[in-house]
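Please open the model in the viewer and display both the protein and the ligand. The tour proceeds by successive selections, with a short description at each stop.

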Amino acid sequence: MHMSEEKFILYKHTNISATESLYKSEINFKWMNTRRSIREFSPKPVAREIIENIIKSASTAPSGAHKQPWVFCAVSNPEIKSEIRRAAEKEEYENYHSRMSEEWLEDLKPFDTNWKKPFLEIAPWLIVVFSKSYDIGNNGKKLNNYYVKESAGLACGMLLNAIHNAGLCALTHTPSPMNFLISILKRPKNERPFLLIPVGYPGEGCKVPDLHRKPLELISAWYE
Ligand code: IYR
């Protein structure tokens, strides 16, 4: 038998009954179903330790060959937030005025979005997620990463869940193109901007569109 170089340890599984499993799965769905993306943030501060725990939670995500090809840049510095807002609005202005298709603009109507992004300055934290298309070894050698986008996407899903669990709100914002984040945050050349996520409390009277999630029949197919 092939013996792996990797040291294996016993997996510590928390066993629960089928009844508890059913109960917990339902409670978890109901809780996750209360999460909404918000666009109106409160300036109320959020302690750095909370953001640290949220980032550590995100980094529990699985990744290709366990390369963990992500970096979470946590920005609370007001000057840097303003710089990010200015650059994002410049791109978004172009998007809304010339780059987005008629269909796209029509699809966004229910969300009442536009090129103005005040939340980038108001939210106490911006978590800027970068994926690492490769790693750089000590000797400057390129080291491969695998399934980079899938891995970063998984980590961001877990990040959003951790934010919700911490009683906070977020917006998965995707200004496009977002190369300005590389220069503003002075990131190395192996990193690609993935998502820009303002995090904080909802502003007073914060409203969200009356959206409905697709029912199980439309999001699943069963082969029993
Ligand atoms: N990135 C633009 C447009 C936008 C695109 C999608 I897809 C959205 O769900 C919402 C907005 C913006 O942030 O305004």
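**Stop 1: a nonpolar surface patch**

Begin by selecting Leu 216, Leu 218, Ile 219 and Trp 222, which form a nonpolar patch on the surface with about 500 Å² of accessible area together. The coordinates belong to a predicted model.

Next, restrict the selection to Leu 218, a member of helix α8, which covers residues 216-219. Is Leu 218 buried or exposed? Its relative accessibility is 62%, and because exposed means over 50%, Leu 218 counts as exposed.

**Stop 2: the shell around the ligand**

Now select the residues around the ligand: Arg 39, Glu 92, Tyr 96, Trp 104, Leu 108, Asn 114, Lys 117, His 173 and Thr 174. Coloured by character, the shell divides into three nonpolar, three polar and three charged residues.

**Stop 3: polar contacts of the ligand**

Which distances should be displayed here? Start with Tyr 96, where an N or O atom of the side chain is 2.6 Å from an oxygen atom of the ligand. Proceed to Lys 117, whose side chain places an N or O atom 2.5 Å from a ligand oxygen atom. Then turn to Thr 174: here a backbone N or O atom lies 3.1 Å from a nitrogen atom of the ligand.

With these contacts in view, display the surface of the ligand. Taken alone, the ligand exposes 380 Å², of which the protein buries 71%. Finally, select helices α3 (78-99) and α4 (102-108), the elements that give two or more residues to the shell around the ligand.

Terms used: Residues are numbered from 1 along each chain as its sequence is written. This is a predicted model: local features need pLDDT of at least 70, side-chain atom pairs count only at pLDDT 80 or more; totals for chains, interfaces and linings use all residues. Side-chain values use heavy atoms; hydrogens and water are left out. Patches are made of residues with over 30% relative accessible area and no salt bridge: like charges are joined within 9 Å, nonpolar side chains (Val, Leu, Ile, Met, Phe, Trp, Tyr) within 5 Å. Accessible areas come from the Shrake-Rupley method with a 1.4 Å probe; for residues, only the protein chains shown count as cover. A salt bridge is a side-chain nitrogen of Lys or Arg within 4 Å of a carboxyl oxygen of Asp or Glu. Helices (H or I, at least four residues) and strands (E, at least two) are DSSP runs, numbered from the N terminus. Buried means under 20% relative accessible area, exposed over 50%, partly exposed in between (1.4 Å probe, protein chains only). A residue is near a molecule or strand if one of its heavy atoms lies within 4 Å of it. A polar contact is a pair of N or O atoms within 3.5 Å; within protein, one must be able to donate a hydrogen and the other to accept it, and residues adjacent in sequence count only if both atoms are side-chain atoms. Ala, Val, Leu, Ile, Met, Phe, Trp, Tyr, Cys and Pro count as nonpolar, Asp, Glu, Lys and Arg as charged, and the others, Gly among them, as polar.
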